[in-house]
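Student: I've got a new model open and would like a quick tour. Can you walk me through it?
Tutor: Sure, put it up and ask away.
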Amino acid sequence: MTTDKNKLFAGFLKDKPSLKHEMALSYNPSEVESHWDAIWCESKIYLPNFERASNLPLEKKFVIALPPPNVTGRLHLGHTLTAAIQDSLCRYNRLIGKEVLWIPGTDHAGIATQTVVERIIHQTDNVTRHDLGRDNFLKKVWEWKEKHGSAICSQFRRLGCSLDWSREFFTLDENMSKAVNNAFIQLFNQGYIFRKTRLVSWCSYLRTALSDIEVDLLEVNKPSRIRIPGYEKTVEVGVLWHFSYPLEQHGQTHEWHFMPENITNIEKITVATTRIETMLGDVAVAVNPKDNRYKHLIGKYCLNPFIKDRKIIIIADEHVDPEFGTGCVKITPAHDKNDFEIASRYNEKHKNEPMFEKLKFISVFTSDGNIGPGFGIFSGIHRFKCRELVEKELEKIKLLVEKTPNSKTMQIPICSRSNDIVELFLIPQWWMNCKPFAEKACKAVKNHELQIEPKFHEQTWFYWLENIQDWCISRQLWWGHRIPAYKIISSKLNPAEEIWVAAKDEETAIKEAIKKYGLSECDFYVERDSDVLDTWFSSGLIPFSPLGWPDEVNQKTKLNDLSAFFPTTLLETGSDILFFWVARMVMLSFACTDKLPFKTIYLHAMVRDSQGRKMSKSLGNVIDPIEIIEGISLNDLNKKLDQGNLPPQEIKKSKENNLKDFPDGIPECGADALRIGLLAYTKQGRNINLDTKRVVAYRHFCNKLWNACKFAFGNIENVANHMKQNFEVIAINELFSNHSEDLLWEDYYILYRLMVCINCVKDSFDNFLFSDVVTATYNFWLYELCDVYLELVKSRFKNVESSFRYAFTAAQVLSICIEYGLVLLHPLTPFVTEELYQRFKQVTRSSIISSISTSEFPQIFVHNSLTSSRDHEFRRMMNIVTKIRSLTAILGISNKDKINIKVHVVYNGTDLEYIDLISNVATTFVTKLSQIGGTVVLIDPSKDEIDELKKNCLLDIVDEKTVYYLKPPEFVDLSIALKKIEKQIDSNVKSLESYNKKKSSSSYDKVPESVKKLNDEKIDQLVSTIDALKVAHSNIESLINQ
């Protein structure tokens, strides 16, 4: 199958425009990245070999599903990080020989999509979904989905994601819907799914229940007004209303209690609330049974001024805090969780007592957020208009005690889709009992059958699952998986109890009702529930539903994907949805398949802006990844703010931040630079504070990579021309067997560093240490290959004719480094590595045309000349180079003037290996890397030689046995240099004192460990710099005073 893919690839490769002409002088991301996705996809490179996968053990396969983005969505940086991590893992696992399946898909995103389309039809046709009716509205949604739904998938392609698009799913596809219905019906029949009236988070504007992740918390610490949809005025929040209920006076009418002449003399009980409108649903006032102020009132009644036929009982509950507020809590069980629990406890405790009256759970609001019937003058009005009216009416009858700023910071729940204030609403819903499956999920982690990385997330896992609550799985929407449940309506059944069956269609539901309840067909009819399932329910089936479950054969591929690719290998996503999605996938997989859906969970950190703020439209700091890939001007960044919905003050603040962060806009970086830039950040822990300047730096790295390969390709071709035949790359083992006598120190050094890089990349990928992969490959290419090896071999390529054998081995070593290095870097930067790999194959006239994606991961070559001693040798010689660079910088000698400098390195020791090293290697190494004119090595020189050097040279110490002498160029005024050094010493000493002062501060213990580490590194650096400057100062003084 790989051969077939390579044939397809070779055919499509001819259409890549950039490969038809010479290499550009510099890296151009848009030119490099164009066409590759189409070539990869059309070559079917990312399709796994089903036959091979079917016969492989789990550890030889790598299967992962892309967290399905909302069909309404556009790519954001969270998606981009997910894509970069998952794609790097998929490409790595292909390179090491595993069968890889990466499944793409999009989520129908019930509430998000419905909201978008409702907004559109209102803007264009001035109609609501209710005006259109369910069927016509759903037609509109499908039309919108077909037109816009593929946008985000195109953006994933823009990132170079190696997804198997032949298995792409949409969560409302026929096959996916079948899986969802099957799961619901199975769990309903097993008793895990049931219907019950409970409190749910409710969006009145959208008229639906919400999941917790769809609720944002708005912090309010002072009285303010906020705007909500569907209400013409602003809503007052951040205040506390104190009002009183009069105690019932026996024998008196309700009206009597509220007459002006009576109300002031009646004993009252005072409560405080932030939601005064809910007092219409109060059924009790709770006090602590130990609170002596109110003990005598327990069991008595007070009266609601607006509800004549309802008495409010004063009850005892130990959970009431007598120190908070008045010590009295109004109980509205239909609109508050704590009140619901207090009322439920009270009813349970007293249910068997004679004459006991159960507390009612009275809903004040209708589903659209108005006041329901039975509340007098308040009925039919908006709940927040009711808030104002209740305050006014209470004040009129002298029961409003005071209205004060709330001393506690309030967290007001806001619907993330509509911006409406979320209410707690008592309504029948479908629920799933998750407890037995949560127990299995906990056990799997404790038994190490399921691993969570990083480990610190296990604490969150256990917190959620050991305290699992029933899951509300129904939503009052039209767009989504309509619940396959049918209500049986029959005079033969108890009218006080709702009877439901779950079935795939009405016909099956009727048969189920007859079978289950012994009814005749003429005795009843069924009505399907109008609600849809929570989007998280369908996305919770993702590990197996796209593979064809519950069928054996996947209707999309006509293959038994479930047996070949389930369980999957890994679930990778953001840490914010560990419970909302990841845990539910595990629970639903146990529920539906009795298997773990994957073996490992990897959770990446959240991407924030450079100031550490959450990226949010409301803050105006959202960065579109495409803007980083393609670039955008500061003017266009600001235009986006003007076109948004931010208030003027926030626009001004965001523009100031743009000017600070992007004074010249964002330059074109390309997808590769964005990917590697994000992966480099993954070491930070819980949050990634993205600074786009770091991404720009990786764009420069791609340019360095480009130039290094351009240099290599040109010199390889030059060697080939001297051979008068094609240049064939020799395998590394053959190179050592047949050409070892032509290998020089720098060849051994770079090949050893390459082996270290291979080992580090493999180990880091295997342990999800993506930033370490970036560091290893970045350091190899930039600091080891470019900065060291290429500098040292330039002279070998300049003298090809006179020293062909050394130029040939340099070309061979360079070819190995380029090929291996590109393959190691490929999972991080697929576009530029594929482009350069194909260029490399052209240069080496390779007879096999294949994608770098189908290459093999480099194997470590073991040889006794490739050991860590090469690092030791490098460090010893680099110490000399570093000292020379430092001294020439102190003296202000420019790079162009360094060419006139000759350095004498003196070694007074007996280490024969080091003598051999500096005698044979240091002359070239020090000269090239210090960029000076020449290096002379003296081993244990005579006193006369040293005295001659001291006459006109500066002495600098490398180590206890090694020094060097440098003769300054004539234009260097040593007295001026001395003054410069004194200023530098003074400046560095002041900086050092400043850091030490910080460390001695009493509050330094509170400083984060990461900052302390950076401070310590800076102190060490300053001490080292000061020491070097003092040595240089002393040496110059000595030379001046001669």
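Student: Among contacts between residues at least 6 apart in sequence, what share join residues at least 24 apart?
Tutor: 78% of them. Keep in mind that this is a predicted model.

Student: How many helices and strands are there?
Tutor: The protein has 36 helices and 33 strands. Its C-alpha atoms fill a box of roughly 125 × 70 × 55 Å along the principal axes.

Student: And how much of the protein is buried?
Tutor: Of its 1042 residues, 54% count as buried.

Student: What does the domain assignment give?
Tutor: Domain 1 comes in pieces, 59–190 + 433–482 + 532–604. Domain 2 is 239–405, and domain 3 is 484–528. Then come domain 4 (691–844), domain 5 (867–972) and domain 6 (975–1041).

Student: What separates the centres of domain 3 and domain 5?
Tutor: 94 Å, taken over C-alpha atoms.

Student: Let's talk packing. How many residues are in the largest nonpolar core?
Tutor: That core has 128 residues. Leu751, Leu754, Trp781 and Ile818 have the most contacts inside it.

Student: Which helix gives the largest share of this core?
Tutor: Helix α25, with 15 residues. Domain 1 and domain 4 each supply at least three residues to this core.

Student: What does Leu754 touch, leaving out residues up to four places away in sequence?
Tutor: Leu754 touches Phe780, Ile816, Cys817, Tyr820, Gly821 and Leu824.

Student: Which residues are in the other core?
Tutor: That one lies apart and has 68 residues. Among them are Leu465, Ala502, Trp549 and Phe580.

Student: Why do such cores form at all? I mean the general rule.
Tutor: In soluble globular proteins, nonpolar side chains tend to be buried together.

Student: Back to α25. How do the axes of α25 and α28 cross?
Tutor: They cross at roughly 35° and come within 11 Å. Helix α25 covers residues 692–723, and α28 covers residues 770–798. The crossing is left-handed.

Student: Which residues meet there?
Tutor: From α25, the residues include Tyr698, Phe701, Leu705, Phe711 and Val719. On the α28 side they include Val774, Tyr778, Trp781, Leu782 and Phe797. By class, the contact has 14 nonpolar, 2 polar and 3 charged residues. Lys704 in α25 and Asp787 in α28 are part of the contact.

Student: Trp781 came up before, right?
Tutor: Yes. Trp781 is one of the residues with the most contacts inside the largest nonpolar core.

Student: New topic. How many residues of helix α24 are buried?
Tutor: 11 of its 11 residues, so the helix is mostly covered; the cut-off for buried is under 20% relative accessible area. Helix α24 spans residues 670–680. Its buried residues include Asp672 and Arg675.

Student: What about Glu746, buried or exposed?
Tutor: Glu746 is buried, because its relative accessible area is 9%. Its place is in helix α27, residues 745–766.

Student: What does Glu746 touch, not counting residues up to four places away in sequence?
Tutor: Tyr789, Leu792, Val793 and Arg796. There is also a pair to look at across the chain: the C-alpha atoms of Glu746 and Phe874 are separated by 9.3 Å. Those two are 128 residues apart along the chain.

Student: Is His1033 buried or exposed?
Tutor: Buried, since its relative accessible area is 13%. His1033 lies in helix α36, residues 1009–1040. Leaving aside neighbours within four places in sequence, His1033 is in contact with Leu978, Ile981, Glu982 and Ile985.

Student: Now backbone oddities. Where are the cis peptide bonds you'd point to?
Tutor: One runs from Glu453 to Pro454, with omega near -10°. Pro454 is in the loop between β19 and α16. Another runs from Phe566 to Pro567, with omega near 0°. Pro567 is in the loop between α19 and β26.

Student: What's the phi of Met355?
Tutor: Positive, about 65°, although Met355 is not a glycine. Met355 is in the loop between α13 and α14. At 82% relative accessibility, Met355 counts as exposed.

Student: And what about the phi of His448?
Tutor: His448 has a positive phi of about 65° and is not a glycine either. His448 lies in the loop between α15 and β19. Its relative accessibility is 61%, so His448 counts as exposed.

Definitions and conventions
Residues are numbered from 1 along each chain as its sequence is written. This is a predicted model: local features need pLDDT of at least 70, side-chain atom pairs count only at pLDDT 80 or more; totals for chains, interfaces and linings use all residues. Side-chain values use heavy atoms; hydrogens and water are left out. Helices (H or I, at least four residues) and strands (E, at least two) are DSSP runs, numbered from the N terminus. Buried means under 20% relative accessible area, exposed over 50%, partly exposed in between (1.4 Å probe, protein chains only). Domain bounds come from an automatic or database domain assignment. Axes are lines fitted to C-alpha atoms, for helices over the stretch in contact, and angles run from 0 to 180 degrees between N-to-C directions. A crossing is left-handed if the near helix is turned anticlockwise from the far one by less than a right angle, and right-handed if clockwise. Contact means heavy atoms within 4.5 Å. Ala, Val, Leu, Ile, Met, Phe, Trp, Tyr, Cys and Pro count as nonpolar, Asp, Glu, Lys and Arg as charged, and the others, Gly among them, as polar. A nonpolar core is a set of buried Ala, Val, Leu, Ile, Met, Phe, Trp, Tyr and Cys residues joined through side-chain atoms within 4.5 Å.
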